[in-house]
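Trainee: Please bring up the model and its sequence. I want to go through the terms one by one and ask what each rests on.

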Amino acid sequence: MDNIDIRPVCPDDCELILDWRNDPESQKQSYNSSVIDPETHRAWFERKMKDPACLFYVLTYDGTPAGQFRIDIRNGIGEISYTVAPLYRGMGIGTLLLKSAVKTGKGKVNALIGFVRSGNPASKRCFEKAGFTEFKTGDDSCFIMMPL
Ligand SMILES: CC(C)(COP(=O)(O)OP(=O)(O)OC[C@H]1O[C@@H](n2cnc3c(N)ncnc32)[C@H](O)[C@@H]1OP(=O)(O)O)[C@@H](O)C(=O)NCCC(=O)NCCS
């Protein structure tokens, strides 16, 4: 896909990223499955945008935001969170987001990890296709890439 771009998140993305997070499927797959209210989200978003330990990017498709990934860094390890906008699912964008996260993390973290709930086979497949290794953690999975 050559109409794809990756750019750092910007203040105008705040509302969109909340919509994606509160979409029923994202909510179900999240470890914190409650609906997030706009004020809580805005405070969190502003904090993350300023945090040097957070690499936060938006993927655009034909200029329209279609997904996001975030790498939260602690002790040299980056934890990935990502979402594809509901209208753009099933097109390979999830896999592209993870491949972009790997490129972004190179030189900045020693390893990348992502946690996937057992009922999320599409996300598991994305991590596999992006080259991560799966470790089972109970019913759920932890995907790791190390070294980058
Ligand atoms: C999970 C998510 C990121 C996947 O993104 P996507 O762009 O739709 O996924 P892709 O199109 O890149 O690929 C999905 C792969 O999973 C496969 N897949 C989809 N549903 C599946 C299912 N029920 N069982 C097995 N495989 C499935 C697809 O066939 C595809 O594999 P293929 O290319 O080998 O055919 C997206 O659905 C999403 O944002 N969901 C809500 C938020 C979320 O779950 N985030 C991840 C938290 S860990």
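Mentor: Start with a strand register: Ile-77 has Ala-111 opposite it in β5. Residue numbers start from 1 in each chain, following its sequence as written. The model is predicted, which is why local features need pLDDT of at least 70 and side-chain atom pairs pLDDT 80 or more, while totals for chains, interfaces and linings use all residues.

Trainee: What makes β4 and β5 a pair, and in which sense do they run?

Mentor: Pairing requires at least two bridges found by DSSP. β4 and β5 share three, in the parallel sense, so they qualify. Gly-78 has Leu-112 as its bridge partner in β5, and Glu-79 stands opposite Ile-113. The strands themselves are DSSP E runs of at least two residues, and helices are H or I runs of at least four, both numbered from the N terminus.

Trainee: How do you know that β3 and β4 pair, and in which sense?

Mentor: DSSP gives eight bridges in the antiparallel sense, with Phe-69 partnered by Tyr-82 in β4. The two strands form a hairpin with two residues between them, and Asn-75 in the turn has a positive phi of about 50°.

Trainee: Why is the whole sheet called mixed, and what is its order?

Mentor: Its seven strands form an open sheet ordered β1-β2-β3-β4-β5-β7-β6, with mixed pairing. β1 (4-8) and β6 (133-137) are the edge strands, each pairing on one side only. From one strand to the next, the twist averages 25°. The parallel β4-β5 pair and the antiparallel β3-β4 pair illustrate the mixture.

Trainee: Where does α4 lie, and how is its angle to β4 defined?

Mentor: α4 crosses β1, β2, β3, β4, β5 and β7, at about 155° to β4. Axes are lines fitted to C-alpha atoms, for helices over the stretch in contact, and the angle between N-to-C directions can run from 0 to 180 degrees.

Trainee: Why is Val-116 called buried?

Mentor: Buried means 20 or more other C-beta atoms within 10 Å; exposed means 12 or fewer, and partly exposed lies in between, with C-beta atoms placed from the backbone. Val-116 has 21, so it is buried. Val-116 sits in β5, on the covered face with Leu-112 and Gly-114. The uncovered face holds Ala-111, Ile-113 and Phe-115.

Trainee: Which residues does Val-116 contact beyond its sequence neighbours?

Mentor: With neighbours within four places left out, they are Ser-123, Lys-124, Phe-127, Asp-140, Ser-141 and Phe-143. Contact means C-beta atoms, placed from the backbone, within 7 Å. The C-alpha atoms of Val-116 and Phe-127 are 9.2 Å apart, but the contact test uses C-beta atoms.

Trainee: What makes a group of residues a nonpolar core, and how many residues has the largest one here?

Mentor: The members must be buried Ala, Val, Leu, Ile, Met, Phe, Trp, Tyr or Cys, joined through C-beta atoms within 7 Å. The largest has 26 residues, and Ile-80, Leu-97, Leu-98, Ala-101 and Phe-127 have the most contacts inside it. α4 gives the largest share, five residues. Ile-80 touches Phe-69, Ile-71, Leu-98, Ala-101, Leu-112 and Gly-114, not counting residues up to four places away in sequence.

Trainee: Which residues come nearest the ligand?

Mentor: Of the 21 residues around the ligand, Gln-29, Arg-89, Gly-94, Pro-121 and Arg-125. A residue counts as near when its C-beta atom, placed from the backbone, lies within 6 Å. α5 supplies the largest share of this shell, five residues.

How values were computed:
Contact = placed C-beta atoms within 7 Å.
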